[in-house]
Amino acid sequence: MSRRQVKGDYIETETGNKVSRKANLLGTQNMVLGGKVVIQPEVMIRGDLVRTAPSSSSSGGTAAPSTTAIQTGRYCFFSKGVVLRPPGRRYKGQFSHMPMRIGHHVFIGQDTVVQAATIGDHARIGKNCVIGEFAIIKECVEVLDGAVVPPNMVIPNYSIVAGQPARVVGEVPEGGGPDENGLRGLYSTVGNNPQNPDM
Amino acid sequence: MSTAKRQSTVPAGPKPPVNFSSTVTIPKDAVLQGTHSITIQSETLIHPRARLDSNLGSILIGRRSIVQERAQIGVEPQNIDTAIRGGVSLGDYVVVEVNAVIEAGGTEIGDGSVVQVGSRIGSGAKIGETVVLSNGQQRADKRLADARKLGTLKQINVVRKMIRNDQDKFK
């Protein structure tokens, strides 16, 4: 019975992903977590919404269609209540969801709904945001709390966006180390054996 | 080993009387509760973790509508002073997106409307056809109604294959 005590609130995978037992992951077979990803309680990830249209690049037709719905990089952090949902649209007369790609060191704040096509490395998205379908967020972008990024918007590198609908309001200052989001530190503070936040 | 302990994630409320068309797609982790009836018409698609609450009045969802995950329909009105008695009725081809909240109390949403991510529709609101709402604002949808309806239908036909239908659980 001692095993029950060992069992914590998080499931830790071999690659160091920490997934809360209270998260709702659908279609886990279609998800690729890059390692050391944190998924907090009440996060919902819709891996079941896979692409049904054939990929335009694989015109050979022999390759099996890739069924990865959501792919993330290393050290991503999904706060409580986040919803990740692959965007869908009509493509050549057929409706299909498209895969969502998330880079390394991406932070997503509480209760944000993400339907973006791509989120670049080191992006930081605040809480209560809505990222519209097929939005493309490039590297090091900062989305402030409560922003509503409209569908199909492309946010260039190093911009700060805010507002409803979101607009570019500034630029992320130069500098910052390779870990400006502090996600390595944050990673070690959650899980079954959390470390102290002070380095 | 912990299956015995983790059986009820949903508090056991009264099971509402349901009236589903046989072509409705509803997964087992959708949440239906309340005492009034819940009617869902043909080819409508409910996503997992959508929440339909008929404690305050009956819920009617029209044909070929989509209710996405974490949408809540029939919740208790936030502002009790202006609240009205009654349920919720959604028309045909209505899309209720993620985290949207529709309060109970004679709330009516017209055909082809889209209730966007995170918006909240107050008690007694009557929303006409083809209106898009996002965060307190609304605008008319400029696309052709027929094209949009076709898009919704195509979406339903694709997504219903991805969601495991479990109608019987609610009956």
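**Sheet, chains and core in a predicted model**

Trainee: Which residue of β2(A) is the bridge partner of A:Ile11?
Mentor: The model is predicted. A:Ile11 has its bridge partner in β2(A), and that partner is A:Val19.

Trainee: How many bridges join β1(A) to β2 of chain A, and how do the two strands run?
Mentor: Strand β2 covers residues 18–20 of chain A. β1(A) and β2 run antiparallel, and the number of bridges joining them is three.

Trainee: Which strands are the edge strands of the open sheet in chain A?
Mentor: The sheet has nine strands with mixed pairing, in the order β1-β2-β5-β8-β13-β16-β19-β22-β23. An edge strand here pairs on one side only. In chain A the two that do so are β1 (10–12) and β23 (167–171).

Trainee: Why is chain B said to be as compact as a globular protein of its length?
Mentor: Chain B contains one helix and 17 strands. For 171 residues the globule rule gives 16 Å, so chain B counts as that compact because its radius of gyration is close to this value, at 16 Å.

Trainee: What does the C-alpha trace of chain B span along its principal axes?
Mentor: Buried residues account for 44% of the 171 residues in chain B. Along the principal axes, the span of its C-alpha trace is about 55 × 40 × 25 Å.

Trainee: Among contacts in chain B between residues at least 6 apart in sequence, what percentage join residues at least 24 apart?
Mentor: The base set is the contacts in chain B whose residues are at least 6 apart in sequence. Of these, the part joining residues at least 24 apart is 35%.

Trainee: Which strand gives the most to the side of chain A that touches chain B?
Mentor: In the interface, 18 residues of chain A are in contact with 16 residues of chain B. At least two residues of the chain A side come from each of β3 (24–26), β10 (88–91) and β11 (94–97). By class, that side has nine nonpolar, six polar and three charged residues. The strand that gives the most, with three residues, is β11(A).

Trainee: Which helix supplies the largest share of the largest nonpolar core?
Mentor: This core has 93 residues, and A:Ile131, A:Val149 and B:Val96 touch the most other members. Its largest share is three residues, and they come from residues 145–159 of chain B, helix α1.

Trainee: Which residues does A:Val149 touch, not counting those up to four places away in sequence?
Mentor: A:Val149 is one of the core residues that touch the most other members. With residues up to four places away left out, A:Val149 touches A:Val130, A:Ile131, A:Gly132, A:Ala135, A:Val143, A:Val161 and A:Ala166.

Technical notes. Residues numbered from 1 in each chain as written. Chains lettered and ligands numbered in written order. Predicted model: local features only at pLDDT ≥ 70, side-chain atom pairs only at ≥ 80, totals over all residues. Pairing = 2+ DSSP bridges. Helix = DSSP H or I, 4+ residues; strand = E, 2+ residues; numbered from the N terminus. Rg over C-alpha atoms; globule rule 2.2 N^0.38 Å. Buried ≥ 20, exposed ≤ 12 C-beta atoms within 10 Å, placed from the backbone. Contact = placed C-beta atoms within 7 Å. Nonpolar A, V, L, I, M, F, W, Y, C, P; charged D, E, K, R; others polar. Core = buried A, V, L, I, M, F, W, Y, C linked by C-beta atoms within 7 Å.
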